[in-house]
Amino acid sequence: MRRVGLYWFGDDLRVSDQPGLARAAAEVDQLICLYVVDSAWFRPGSLALTRPLGIHRERFLLEALRALDTSLRSLGQHLNVIWARPLDIVPALISRYSITHLYRSDHPGYYERRDWQWLRDHYPQLSFVDIQNQTLFNAEQLGFHLTELPTTFSQFRRRVEQRPIPEARGFLSALPPSPAEGRKIPVPPERNGCRFRGGEDAARMHRIRYFDSDAPAHYKHTRNALDDWASSTKFSPWLARGCQSPRQVNTALVNYERHYGANESTEWIRFELLWREYFQWMARAYGADLYRFGGRPRRSLNTSFYPERFRKWCEGATPYPLVNAAMNQLNRTGYLSNRARQIVASALVNELQVDWRYGAAWFEQQLIDYEVGSNWGNWQYIAGVGADPRGGRHFNLEKQAAQFDPDGNYVRRWGDNRELTPLDSVDAADWPIARS
């Protein structure tokens, strides 16, 4: 019997350190490599008319898909990119090509996991292979069941930090041929000065440059800079789309420590990888609770949805110059430092008293390094309904500006010099507020 496989790429857009793709190569006679650009990503979602895929992430994604197609062609394959709803196109391909094996990278997202389960329920005759290749550890390597996931990061870190992290695997040498014809992948939009380019080669070159520098030795002391390319690792966009794996980053870090020595800064890079790891597993454990207003503990919050306040936050038109500068940078480039993300998230939740989920949805649309676990998990953390035992974070905006932008350079660079206006021009009943 002819064995025909379908490898459904997700956030694993690479050919190295790809155990799922290697398994497919060993098990099937023919293989279709598929990426589905979900048509729902371009339509407004349920929160404030944001759409899941904004222009910056779309550009980075298209660059990564074209790069993946080039890599696959060197292995005798090609990438089929189809714009559709996943549960429309995957069943059609199963029927048309008599698929016998279906492979994918295990996804932490609730909706992606729901679609996968639907396929398993409706096609029990297929062999389903779900590979965890976007985490440092496999589920069995954690040492505990997912239902026992610690409720805080500190508890999680203590349970896993001494466990050996497997080394990254190398490249494949060949893949089975495809029975399906390839489709031309659209040319990405202009990058407009953004320094991040999608694709596995771009990820590898950045990884090499970073660990060939002395930046890892100083990371702990520079990581909170608002706007400096060398201050942090900048690995997140390529990790988010799977152009590199966390094991590849950790393997490079181990090699750096072997040659130049370990210190607090190199350990802090590993600490950040573990934070990402925690959010990956938290997304799997929480499911739909990751998107709930009160989180998994169903806490009550003194926030609501104020359309005018949310719009001003999105547009960088609040009464707070530091917040405005950060939102302008996000909107223009699709990227924001971790410190700036915490500042604007705290401002939305605390100063503007807006439901945190709207901010999370805006970040999902705008960020090129959007990941479901890290994004929604971090927003829950700030709002006080997630993995923070302190019950939320409130950053003093004046103190943050004095500490991280003492000379005002960041605000001057990203601010648009518009006159600061009051936060509200209408009251709770949507009546105009008279100003004397």
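This is a short dialogue on reading a sheet, a buried loop residue and a pocket in a predicted model.

Visitor: Start with the sheet. In what order do its strands stand?

Guide: The order is β3-β2-β1-β4-β5. The sheet is open, has 5 strands, and its pairing is parallel.

Visitor: Which strands stand at the edges, and what does that leave?

Guide: β3 (79-84) and β5 do. Each has a single partner strand, so one side of each lacks a neighbour in the sheet. On average, neighbouring strands are turned by 25° against each other, direction ignored.

Visitor: Which helix packs on the sheet?

Guide: α2 packs on it, touching β1, β2 and β3. The direction of α2 makes about 150° with that of β3.

Visitor: Now β4. How many bridges join it to β1, and how many to β5?

Guide: β1 and β4 run parallel and are joined by 4 bridges. β4 and β5 pair in the parallel sense over 5 bridges.

Visitor: Which residues are partners there?

Guide: On the β1 side, Y7 stands opposite Y103 in β4. Toward β5, R104 has D130 as its bridge partner, and S105 has I131.

Visitor: Why is β4 called largely enclosed?

Guide: Buried means under 20% relative accessible area. In β4, 5 of the 5 residues are buried, so the strand is largely enclosed by the rest of the structure. Both faces take part: H101, Y103 and S105 point one way, L102 and R104 the other, and all are buried.

Visitor: Take a loop residue. Is L149 buried or exposed?

Guide: L149 lies in the loop between β5 (127-131) and α5 (153-160). Its relative accessibility is 12%, so L149 counts as buried.

Visitor: What is L149 in contact with?

Guide: Leave aside its neighbours within four places in sequence. L149 then contacts F144, F156, Y278, W281, M282 and A285. Y278 is 129 residues away along the chain, yet the C-alpha atoms of L149 and Y278 are separated by 8.9 Å.

Visitor: Last, pockets. How is empty space found?

Guide: A probe the size of a water molecule, rolled over the atoms, shows where empty space is left. Here, the second largest pocket has a volume of about 1200 Å³.

Visitor: What lines the second largest pocket?

Guide: 45 residues do, and W41, P52, Y111, E112 and E364 lie nearest the centre. Elements giving two or more residues include β1 (4-9), β2 (30-38), α2 (55-73) and β4 (101-105). α4 gives the largest share, 4 residues.

Visitor: How does that lining split by class?

Guide: The lining has 20 nonpolar, 9 polar and 16 charged residues.

Note on methods: Residues are numbered from 1 along each chain as its sequence is written. This is a predicted model: local features need pLDDT of at least 70, side-chain atom pairs count only at pLDDT 80 or more; totals for chains, interfaces and linings use all residues. Side-chain values use heavy atoms; hydrogens and water are left out. On a 1 Å grid over the protein atoms alone, a cavity is a set of points where a 1.4 Å probe fits but cannot get out, and a pocket is an open set with protein on both sides within 12 Å along at least five of seven lines; lining residues have an atom within 4 Å of a point. Grid points are joined across faces, edges and corners, and a volume is the space filled by probe spheres set on the points. Ala, Val, Leu, Ile, Met, Phe, Trp, Tyr, Cys and Pro count as nonpolar, Asp, Glu, Lys and Arg as charged, and the others, Gly among them, as polar. Buried means under 20% relative accessible area, exposed over 50%, partly exposed in between (1.4 Å probe, protein chains only). Contact means heavy atoms within 4.5 Å. Two strands pair if DSSP finds at least two bridges between them. Axes are lines fitted to C-alpha atoms, for helices over the stretch in contact, and angles run from 0 to 180 degrees between N-to-C directions.
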